Amino acid sequence: MALSAAIVLAAGEGTRMRSNKPKVLHAFAGKTFLNRVMDSVAVLNPDTLAVVVHFQAERVAEAARSYDEQVTIVNQDDIPGTGRAVQCAMAQLTEAGKVDGPVLIAASDMPLLDSETLHRLVEFHTASGNGATVLTTILDDPTGYGRIIRDREGNVLRIVEQKDANRSELAVQEVNTSVYVFEASVLTEAIAGLKSNAQGEFYLTDALETAKAAGKVGAFAAPDPLTVEGVNDRVQLAALSKTYNRRVCERWMRDGVTILDPETTWIEDDVQIGRDATILPGSFLQGHTVVGEDAIVGPYTTLIDTTVDEGAVVERSRVQESHIGARTNIGPWTYLRPGNEFGEDAKAGAFVEMKKAHIGNGTKVPHLSYVGDAQLGDHTNIGGGTITANYDGVHKNSTTIGSGCHVGAGNLFVAPVEVGDNVTTGAGSVVRHAVPSDTMVYSENTQHNVEGWKPAWER
């Protein structure tokens, strides 16, 4: 199956989104609409992948290049319409001598458009010998969609918009998805004959009338309507996201993951979860998060690009770009910023914040502490209220605390500082200098009691 070119239409503003950014750059399950559609199209390995831009053109083009360095960017002029977008794309591609064979055209506001559906569409088009093939789907309620009107042989006669349809046409449940495959020669002739409507727009659907004269126009119905559902506003975005997320949760449950409440559990596409893991309500698993077997996540926990090893527990916490070792306990109310590495059987407890901290096996930071830019050895215990003061106003400095240490409550480590193994520190200590192994260290602070210091009228 050779695909000469694929054209992704990403020029529109998406005014119904009421947004300062183009509709195609809104996120769905962890990726933008445009990213998802481009990824699906790229699986078909077209000779050329082109993205048509107009509204905030440079912003959309930059995003497209970040998804595929080889993408061809086509700038649509100020003449509106999908037909005009394809005219601009074909002119640029033809000038470069890149179009000879089937051309796939896809809208970029269908975040669940998948490569399998596109593959079957192109295969059907090639096998049927069509000059053009429309991707359609069957809806229980087709209200608002253009209806596919076929002849007795199954060929497409026309696409009728809702406002123009008569009673019998309104009863048709097969609708247009705005995804097409054209033979390049047919497409070139069809778009050359496009005429603008009353609003000065050129629509690609009108090209099918011309295409019928040059070759057979067929239709292939996508088996799953969800894969071709478009998003025009935030209400539709929320509804589609919820429906899709429910499917994702169901798939993981069938694979042996316990999800107590799929309605409040959100799992993005690139997440991996091991068998017998438990995901509790209110949890968000995002990016390239990996949850190991028998791990427990939640409730009310967000994991972003984080690895949680087998048997670990992460409760009521936010964790980003960190590695949680086996049987380690995180939370509740713990904030792990990027760069943390936990060994096995460790702990970061209530109201603990960490950043770029390496925590050894069996080491515990139970509560009310900040550990940043620090290395903690094995089986060390950090008392509550401890802070590694890592920032001197210019640079972030590191703290090293060895293995087997017992750090008293309310300690302050002024980085850069290094503490050896088997060190004990007294409560309230301020450690500014290196501490050798097997040492006890404390700061002597003079306590002053001032009696009767309040005025008599305040007593």
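In this predicted model, Glu293 is partly exposed, because its relative accessibility is 46%. Glu293 sits in the loop between strand E17 (290–291) and strand E18 (296–297). Its C-alpha atom is separated by 5.0 Å from that of Arg275, a residue 18 residues apart from Glu293 along the chain. Arg275 is also among the residues that Glu293 touches. Gly274, Glu310 and Gly311 complete that list, not counting residues up to four places away in sequence.

A second loop position, Thr386, falls in another accessibility class. Thr386 has 2% relative accessibility and therefore counts as buried, the cut-off being under 20%. The loop that holds Thr386 runs between strand E31 (381–382) and strand E32 (387–389). Neighbours within four places in sequence are left aside in its contact list. Thr386 then contacts Leu368, Ser369 and Tyr370. It is also in contact with Val407, Gly408, Gly410, Asn411 and Phe413.

Nonpolar cores were examined next. In soluble globular proteins, nonpolar side chains tend to be buried together. The largest nonpolar core here has 52 residues. Within this core, Ile267, Ile273, Phe342 and Met354 touch the most other members. Two or more residues come from each of helix H8 (234–254), strand E28 (353–359), strand E30 (370–376) and strand E36 (417–419). Helix H8 gives the most, with 6 residues.

Phe342 was followed in more detail. Met354 is one of its contacts. Leaving aside neighbours within four places in sequence, Phe342 also meets His323, Ile324, Gly325, Thr328, Ile330 and Leu336. Lys347, Ala348 and Ile359 are further contacts of Phe342. Apart from the largest core lies another, of 36 residues. Its members include Ala11, Met90, Ala132 and Tyr180.

Helix packing was described for one pair. Two packed helices are described by the angle between their axes and the distance between the axes. Helix H1 (residues 33–42) packs with helix H2 (residues 57–67) at an angle of about 40°. Their axes lie 10 Å apart. H1 and H2 are therefore oblique to each other, as angles under 35 degrees would count as roughly parallel and those of 65 to 115 as roughly perpendicular. The crossing of the two helices is right-handed. H1 contributes Leu34, Asn35 and Met38 to the contact. H2 contributes Val60, Ala64 and Tyr67. By class, the contact residues comprise 5 nonpolar and 1 polar, with no charged residue.

Key: Residues numbered from 1 in each chain as written. Predicted model: local features only at pLDDT ≥ 70, side-chain atom pairs only at ≥ 80, totals over all residues. Heavy atoms only, no water. Axes fitted to C-alpha atoms, helices over the stretch in contact; angles between N-to-C directions. Helix = DSSP H or I, 4+ residues; strand = E, 2+ residues; numbered from the N terminus. Parallel < 35°, antiparallel > 145°, perpendicular 65-115°, else oblique. Left-handed = near helix turned anticlockwise from the far one by under 90°. Contact = heavy atoms within 4.5 Å. Nonpolar A, V, L, I, M, F, W, Y, C, P; charged D, E, K, R; others polar. Buried < 20%, exposed > 50% of the residue type's maximum accessible area, 1.4 Å probe, protein only. Core = buried A, V, L, I, M, F, W, Y, C linked by side-chain atoms within 4.5 Å.
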